[in-house]
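Me: Please take one part of this model and look at it closely. Then work outward to the parts that help to place it, with the distances and the burial of each residue. Short sentences are fine.

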Amino acid sequence: MKAKGEVRIIFTRETYTQYPDIWSCDLTFKKPVQITRQMHQQEPFRWGTAELVNWTSLNGIPLQGIVYKPADFDPAKQYPLIVNFYERNSETLYSYRMPEPHRSTIDYHLYNSHGYIVFNPDIVYTEGYPGESCYAAVMPGIDRLVAEGFINEKAIGAQGHSWGGYQVAYLATQTNRFKAIESGAPVVNMFSAYGGIRGGSGMNRSFQYEYGQSRIGGSIWSVPDLYYENSPLFSMDQVWTPILIMHNDADGHVPWHLGVEYFVALRRLNKPVWLLNYTGEPHWPEKMANKIDFQRRMFQFFEHYLNGKPMPRWMRDGIPAVDRDVDLGY
């Protein structure tokens, strides 16, 4: 930032390990002066590192992604892996990630500091085939890491929310490679979501399926086969991976009934599945207590399936929908 008529500026610089402190200098950028000193706050913590990796999709497209490793990473060891993604994130290689109880995604520092490797791959899409495009991008990216020898192939999980939640739900119908998946606010049925109205904006939802983020390329009447093929709900009998769903009943982005459809389908098929609903919350938890609760339960879920920790009480006993305001504890 530069003040009008002045020759000095203030700026920040950051990496995954360097806090974006504020600096000041003149327009030559020589002899910058540090103004804030917040970097020291992370000194007691095991921070981890971020690295760029390259691979080729099943469609022959060069792709990139970021691998986040624990601070004491040892290439001779094998680590559990969490795959977390949305669309394209490789440009965030040098972004500083503030440790916090996120509303919709894993906290990378929490998992790194507990011995997990986190992988965030880029996705490139072909119109009409968003689910297949995700599979073609993510799976060879995982192969790329496994080939390095430091990934425990029996402890690979995936996590995503909204569009990311849809994609991990689709992957669960196509592969048994993941030992656990958390899918937040996913669109598992593009037919029932197509005719809805987005809360807040009041816009009908058909635009986002035809030519928006879902990229189907036509209406449910012109290309019904593509809506069917890209809807994970119709392949739930092919899911063997334990699934944790988080979907709230005041969601204006993705209708809550889609999370219920997802849960009921897997329960009907006797699959291992859990549904977290934070009453009155929108597309993601906004109350701090609910964010912390979500992060705690998601971490326990992955710890159980990827690290063999005992199943927590809430997973073992559950909470009936009519008693959802009763907390059985962890």
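**Helix H8 and its surroundings**

Reply: Start at the end of the helix. Glycine 308 comes just after H8, and its phi is positive, at about 75 degrees. This is a predicted model, so every value here is computed from predicted coordinates.

Now the helix itself. H8 covers residues 288-307, which makes 20 residues. From first C-alpha to last, H8 reaches 27 Å. The expected figure is 28 Å at 1.5 Å a residue, and the model comes close to that. H8 is largely enclosed by the rest of the structure, because 14 of its 20 residues are buried.

Look for charges inside the helix. Aspartate 293 and arginine 297 form a salt bridge, with their closest N and O atoms 2.6 Å apart. Why are these two separated by about one helical turn? They sit four residues apart in helix H8. The general rule is that an α-helix has 3.6 residues a turn, so residues three or four places apart point the same way. Both aspartate 293 and arginine 297 are buried.

A second pair involves glutamate 303 and lysine 309. Their side chains meet in a salt bridge, 3.0 Å from N to O. The partners differ in burial. Glutamate 303 has a relative accessible area of 8%, so it is buried. Lysine 309 is at 42%, so it counts as partly exposed.

Next, what does H8 pack against? Glutamate 182 gives one view of that. This residue is in strand S9. Its relative accessibility is 0%, so glutamate 182 counts as buried. Setting aside neighbours within four places in sequence, its contacts include Phe294, Met298, Phe301 and Phe302. Those four numbers fall within the range of H8, residues 288-307. Other contacts of glutamate 182 include Ala158, Gln159, Gly160 and Val168. Leu244, Ile245 and Met246 are also among them. One of these partners makes a polar contact: the side chains of glutamate 182 and glutamine 159 are joined at 2.8 Å. Glycine 195 lies 13 residues along the chain from glutamate 182, and their C-alpha atoms are separated by 26 Å.

Stay with charges for a moment. The whole structure holds 10 salt bridges. One of them joins arginine 177 and glutamate 153, at 3.1 Å from N to O. This pair links distant parts of the chain, 24 residues apart. Arginine 177 is in the loop between helix H3 (163-174) and strand S9 (180-184), while glutamate 153 is in strand S8 (residues 151-161). Arginine 177 has a relative accessible area of 19%; the limit for buried is under 20%, so it is classed as buried. Glutamate 153 is partly exposed, at 44%.

Compare H8 with another helix, H2. Helix H2 is made of residues 130-146. Its 17 residues should span 24 Å at 1.5 Å a residue; the end C-alpha atoms are 25 Å apart, which agrees. H2 is also largely enclosed by the rest of the structure, because 13 of its 17 residues are buried.

Serine 133 is a residue to follow in H2. At 3% relative accessibility, serine 133 counts as buried. A polar atom of its side chain lies 3.0 Å from the backbone nitrogen of threonine 126. Beyond four places in sequence, serine 133 touches Ile123, Val124, Tyr125 and Thr126.

Asparagine 230 reaches the start of H2 from elsewhere in the chain. Asparagine 230 is in the loop between helix H6 (224-229) and strand S10 (243-246). Its relative accessible area is 3%, so it is buried. The side chain of asparagine 230 comes within 2.8 Å of the backbone oxygen of leucine 226. Leaving out residues up to four places away, its contacts include Gly128, Tyr129, Pro130 and Gly131. Tyr166, Tyr170, Met190 and Ile216 are touched as well.

Finish on the outside. Which residues make up the nonpolar patch on the surface? They are Met1, Ile10, Ile22 and Ile35, with about 400 Å² of accessible area together. Methionine 1 belongs to the segment before strand S1 (8-12). Methionine 1 is exposed, with a relative accessible area of 76%.

Technical notes. Residues are numbered from 1 along each chain as its sequence is written. This is a predicted model: local features need pLDDT of at least 70, side-chain atom pairs count only at pLDDT 80 or more; totals for chains, interfaces and linings use all residues. Side-chain values use heavy atoms; hydrogens and water are left out. Patches are made of residues with over 30% relative accessible area and no salt bridge: like charges are joined within 9 Å, nonpolar side chains (Val, Leu, Ile, Met, Phe, Trp, Tyr) within 5 Å. Accessible areas come from the Shrake-Rupley method with a 1.4 Å probe; for residues, only the protein chains shown count as cover. A salt bridge is a side-chain nitrogen of Lys or Arg within 4 Å of a carboxyl oxygen of Asp or Glu. Buried means under 20% relative accessible area, exposed over 50%, partly exposed in between (1.4 Å probe, protein chains only). A polar contact is a pair of N or O atoms within 3.5 Å; within protein, one must be able to donate a hydrogen and the other to accept it, and residues adjacent in sequence count only if both atoms are side-chain atoms. Contact means heavy atoms within 4.5 Å. The expected span of a helix is 1.5 Å times one less than its number of residues.
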